Amino acid sequence: MDNSSRSTFTGKLGFILAAAGSAVGLGNLWRFPYLAAQYGGGAFLLVYIILAITFGFVLMVTEIAIGRKTQLSPMQAFGALNKKWGWLGKLATLVPILIFPYYCLIGGWVTKYTGVMISGQLEASADDSFFGAYISSTFDPLIWFGIFILATTLVIIFGVNKGIEKLSRFLMPALLVITVGLSIYVVTRPGAGAGVKYYLLPSLENLSAKTFLAALGQLFYSMSLAMGIMITYGSYLSKQQSIEKSARQIEIFDTAIALLAGLMIVPAVFVFSGGDKEALGTGPSLMFVTLPKVFNSMPGGRWLGVAFFVLVLFAAITSSVSIMEAIVSGLIDSFAMKRNTATFIVLIYGIIIGVVCSFGFGIWSGVSIFGFDILDFLDFISNSILLPLVGMLTCIMVGFAVKPEVIINEIELNEKFTIKKFYIIMVKWVAPIFIFFILLSSVLSTFGIINI
């Protein structure tokens, strides 16, 4: 396939902001803080940072290099490197296909709460029953879901330069400014010191296997790894740009936002709850139940709530765009479709499955798949099984079928790869072995076979 006319980012900054926008999403702004609180605070941060600059970096440069070398989406890129591994591209593309509809549904929830905060309904949203009543209703969640998925689609239609890059150039700096501002405000509140101390200061007694596994698993969520996204964005990267430096800058941006999100949320909940870590909760309860109560209890809470949900909305839209682009790009490369046609197909699919997921909390709430509701089932398959599986298999393919030198040669087109020997050891041995244990422990613990 001739890729000479393939779109590219206009420069290094455009690529970094777009890739960072993909990485910075809901996982950074609610999953990271509650995991940090649940698995040792500062101990979790320390382990996560170490893993980010080792495992995370290796996986990221690998995926970006695969994309840039092949100039293809994941659906075709793996087969271009090694025909026997072409099936892995299909498996990798399945991840965003599963994630896209329910991610947009949750993005609709965020859009709804942004509107709630702006319209001054903070006190109402702080009621225990508000969130449950909203997601179980039939039509209200679909309206906000429709707004969110159509906004995502509009960006994709405009393409790489006029859509994805322009959006990222505006939203990512805005997201950083809001995050820093909210973090400063929260940590200066009376009583926040205890939360800051727990969050930032490592304690050896809080280190455990759970801490390590939780931090390693979070890498996939935080950095958009094993979803085909970095391969897709890498295929739009100019041969003149540095892969190694770009990956490091994306990592720094992504990790900084995650750390600041924790610095914003953990101390705020500590102040509200009197130091009770259990108040951080997990999943939707943190963002849509606990935090409105926190904001309602603070001076200027309405505007704090507005700023927070605008921040989350920015992060959600940049990530949903990257997820949709990974699917659209695959259709374009595989079936020679026009961008508008591929985008329309993905939109219709996303709406159908998104509606099904929404009904799973309402009129179809009695439907259960292996004990999961519809959304949680899709989340379990994509995040707990496919993400680590694709990550592990990518390392095995590069390490033993394609050979690490192929990736290293792509990285060294315009620079010396400074950690060549470390990279080879990590991609061949360390990364796939540890990712295998994440996959195994995740599945076994979910079904209660082991307790970690």
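# Exercises on a Predicted Model

Thr 179 has its place in helix α9 (residues 159-187). The structure is a predicted model, and the exercises below concern its helices, its core and its cysteines.

**Exercise 1.** Determine whether Thr 179 is buried or exposed, and state which residues it touches.

*Solution.*
1. The relative accessible area of Thr 179 is 0%. A residue counts as buried under 20%, and therefore Thr 179 is buried.
2. Leaving out residues up to four places away in sequence, Thr 179 touches Ile 257, Leu 260, Ala 261 and Leu 311.
3. Within the chain, a polar atom of the Thr 179 side chain lies 2.7 Å from the backbone oxygen of Leu 175.

**Exercise 2.** Describe the surroundings of Ile 257.

*Solution.*
1. Ile 257 belongs to helix α13 (residues 243-273).
2. With a relative accessible area of 0%, Ile 257 is buried.
3. Apart from neighbours within four places in sequence, its contacts are Val 24, Leu 29, Leu 175, Leu 176 and Thr 179.
4. The C-alpha atoms of Ile 257 and Ala 20 are separated by 9.8 Å, although these residues are 237 residues apart along the chain.

**Exercise 3.** Identify the residues that touch the most other members of the largest nonpolar core, and the helix that gives the most to this core.

*Solution.*
1. The largest nonpolar core has 161 residues, of which Trp 109 and Phe 308 touch the most other members.
2. Helix α15 (residues 301-335) gives the most to this core, contributing 19 residues.

**Exercise 4.** Explain why Cys 104 and Cys 357 form no disulfide.

*Solution.*
1. A disulfide requires cysteine sulfur atoms within 2.5 Å.
2. The closest cysteine sulfur to that of Cys 104 is in Cys 357, 11 Å away, which is too far for a bond.
3. Seen from the other side, Cys 357 has the sulfur of Cys 104 as its nearest cysteine sulfur, and Cys 357 is in no disulfide.
4. A search of the whole structure agrees, finding 0 disulfides.
5. Cys 104 is buried, at 0% relative accessible area, and Cys 357 is buried, at 0% relative accessibility.

**Exercise 5.** Check the span of helix α16 (residues 339-359), and state what covers its buried residues.

*Solution.*
1. Helix α16 has 21 residues, and at 1.5 Å a residue it should span 30 Å. The calculation uses one less than the number of residues.
2. The end C-alpha atoms of α16 are 30 Å apart, which agrees.
3. The buried residues of α16 include Arg 339, Val 346, Gly 350 and Cys 357.
4. Among the elements that cover the buried residues of α16 are α5 (86-118), α8 (140-157), α9 and α15.

Key. Residues are numbered from 1 along each chain as its sequence is written. This is a predicted model: local features need pLDDT of at least 70, side-chain atom pairs count only at pLDDT 80 or more; totals for chains, interfaces and linings use all residues. Side-chain values use heavy atoms; hydrogens and water are left out. Helices (H or I, at least four residues) and strands (E, at least two) are DSSP runs, numbered from the N terminus. Buried means under 20% relative accessible area, exposed over 50%, partly exposed in between (1.4 Å probe, protein chains only). Contact means heavy atoms within 4.5 Å. A nonpolar core is a set of buried Ala, Val, Leu, Ile, Met, Phe, Trp, Tyr and Cys residues joined through side-chain atoms within 4.5 Å. A polar contact is a pair of N or O atoms within 3.5 Å; within protein, one must be able to donate a hydrogen and the other to accept it, and residues adjacent in sequence count only if both atoms are side-chain atoms.
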